[in-house]
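Welcome! Take a moment to turn the model around on your screen, and then let us walk through it together.

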Amino acid sequence: MSQTATDRLTGTALRLFQEKGFARVGINEIIREADVARMSLYNNFGSKDDLALAAYSALSRERQAAMDAAIAAASGPQAAIICLFDLAENLAARPGFRGCAFINLAAQTAGGDEPLLTLVRAHKTALRERFIGLAARSGAADPAALGRQLLALWDGAIIAAFLESDTAPIRAARAAAQTLIGEACP
């Protein structure tokens, strides 16, 4: 099944933004690599920012679906938390891994595009809420605090995995998460 021009544009834009950075990718490069006519871009998206919003929204949906699948497959809420760190390790082991796509986007658009920052905040909030929900189901005395700690471990580990070109920081964060869960949950 062939991809639509919209799919090619969003997929190409996302890949280029992640490889080179949002500010370093121009519309002409996206059009050329997606192999679409300029009018296809402007018929589907009003601007580069609109294209980025569509591309990162699709990535957010994909990542959240993967998180939900990992949680559903786990044997319980504490195991689900650990499965989310396993998911992070799998993402970090992929060729071309450049850290958290959403943290990178926020850093590259800081003070700029509010819809993109809103998307990043929503994506991170959704992950934090998953951690909080799992902490509550695990019996944590303060699920909100544990959820924030787990998100801090997750984000820090992903950044460190990129900087070190190694998934060891994520394994270390998983071990720290197990310790936190053991201390916070009866």
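Before we place any residue, one term needs pinning down: a helix here is a DSSP run of H or I with at least four residues, and helices are numbered from the N terminus. With that in hand, R15 can be placed in helix α1. Please keep in mind along the way that this is a predicted model.

Let us begin with the overall picture. The protein chain has nine helices and zero strands, so the pattern along the sequence, with helices and strands taken as DSSP runs, reads α-α-α-α-α-α-α-α-α. If you follow the C-alpha trace along its principal axes, the protein chain spans about 60 × 40 × 30 Å. The protein chain has 186 residues, of which 47% count as buried. How much of the contact pattern joins residues at least 24 apart in sequence? Among contacts between residues at least 6 apart in the protein chain, the share is 65%.

Now look at the outside. The accessible surface of the protein chain comes to about 9,200 Å², and 54% of that surface belongs to carbon and sulfur atoms. One place to look for nonpolar surface is the patch of about 280 Å² made by I159, F162 and L163. Of these, I159 sits in helix α8, which covers residues 143-164. I159 has a relative accessibility of 36% and counts as partly exposed, because that label covers values between the 20% limit for buried and the 50% limit for exposed.

Charges come next. The protein chain carries 19 positive and 19 negative charges, and the mean positions of the two sets are 3 Å apart. Some charged side chains pair up, and the structure holds 10 salt bridges. We can visit a few of them.

Return to R15 in helix α1. This residue is partly exposed, with a relative accessible area of 34%. One partner of R15 is E19: the two form a salt bridge in which the closest N and O atoms are 3.4 Å apart. Why are R15 and E19 separated by about one helical turn? The reason is that they are four residues apart in helix α1, which runs over residues 5-20. E19 is partly exposed as well, at 37% relative accessible area.

R15 also meets E33 in a salt bridge, with 2.6 Å from N to O. This pair links distant parts of the chain, as R15 belongs to helix α1 and E33 to helix α2 (residues 27-34), 18 residues apart. E33 is partly exposed, with a relative accessible area of 39%.

Another salt bridge takes us to R174 and E89, whose closest N and O atoms are 2.4 Å apart. R174 lies in helix α9 (residues 168-184) and E89 in helix α5 (residues 77-92), so this pair ties together parts that are 85 residues apart in sequence. Are these two partners buried or exposed? R174 is buried, at 15% relative accessibility, and E89 is buried too, with a relative accessible area of 16%. Both values count as buried because they fall under the 20% cut-off. The pair also belongs to something wider: salt bridges that share partners join D86, E89, D166, R171 and R174 into one network.

Stay with R174 a moment longer and see what surrounds this residue. Which residues is R174 in contact with, leaving aside its neighbours within four places in sequence? They are I82, F85, D86 and E89. Two of these names, D86 and E89, also appear in the salt-bridge network with R174.

Finally, try comparing places along the sequence with places in space. R15 and G96 are 81 residues apart in sequence, and their C-alpha atoms are 9.8 Å apart. For another pair, take N28, which is found in helix α2 and is partly exposed, with a relative accessible area of 47%. N28 and A58 are 30 residues apart in sequence, and from C-alpha to C-alpha they are 22 Å apart in space.

To retrace the route, start at R15 in helix α1, follow its salt bridge to E33, and then move on to R174 in helix α9. From R174, the salt bridge to E89 leads into the network that also holds D86, D166 and R171.

Notes: Residues are numbered from 1 along each chain as its sequence is written. This is a predicted model: local features need pLDDT of at least 70, side-chain atom pairs count only at pLDDT 80 or more; totals for chains, interfaces and linings use all residues. Side-chain values use heavy atoms; hydrogens and water are left out. A salt bridge is a side-chain nitrogen of Lys or Arg within 4 Å of a carboxyl oxygen of Asp or Glu. Helices (H or I, at least four residues) and strands (E, at least two) are DSSP runs, numbered from the N terminus. Buried means under 20% relative accessible area, exposed over 50%, partly exposed in between (1.4 Å probe, protein chains only). Contact means heavy atoms within 4.5 Å. Accessible areas come from the Shrake-Rupley method with a 1.4 Å probe; for residues, only the protein chains shown count as cover. Lys and Arg count as positive and Asp and Glu as negative; His and the chain ends are not counted. The place of a charge is taken as NZ of Lys, CZ of Arg, CG of Asp or CD of Glu. Patches are made of residues with over 30% relative accessible area and no salt bridge: like charges are joined within 9 Å, nonpolar side chains (Val, Leu, Ile, Met, Phe, Trp, Tyr) within 5 Å.
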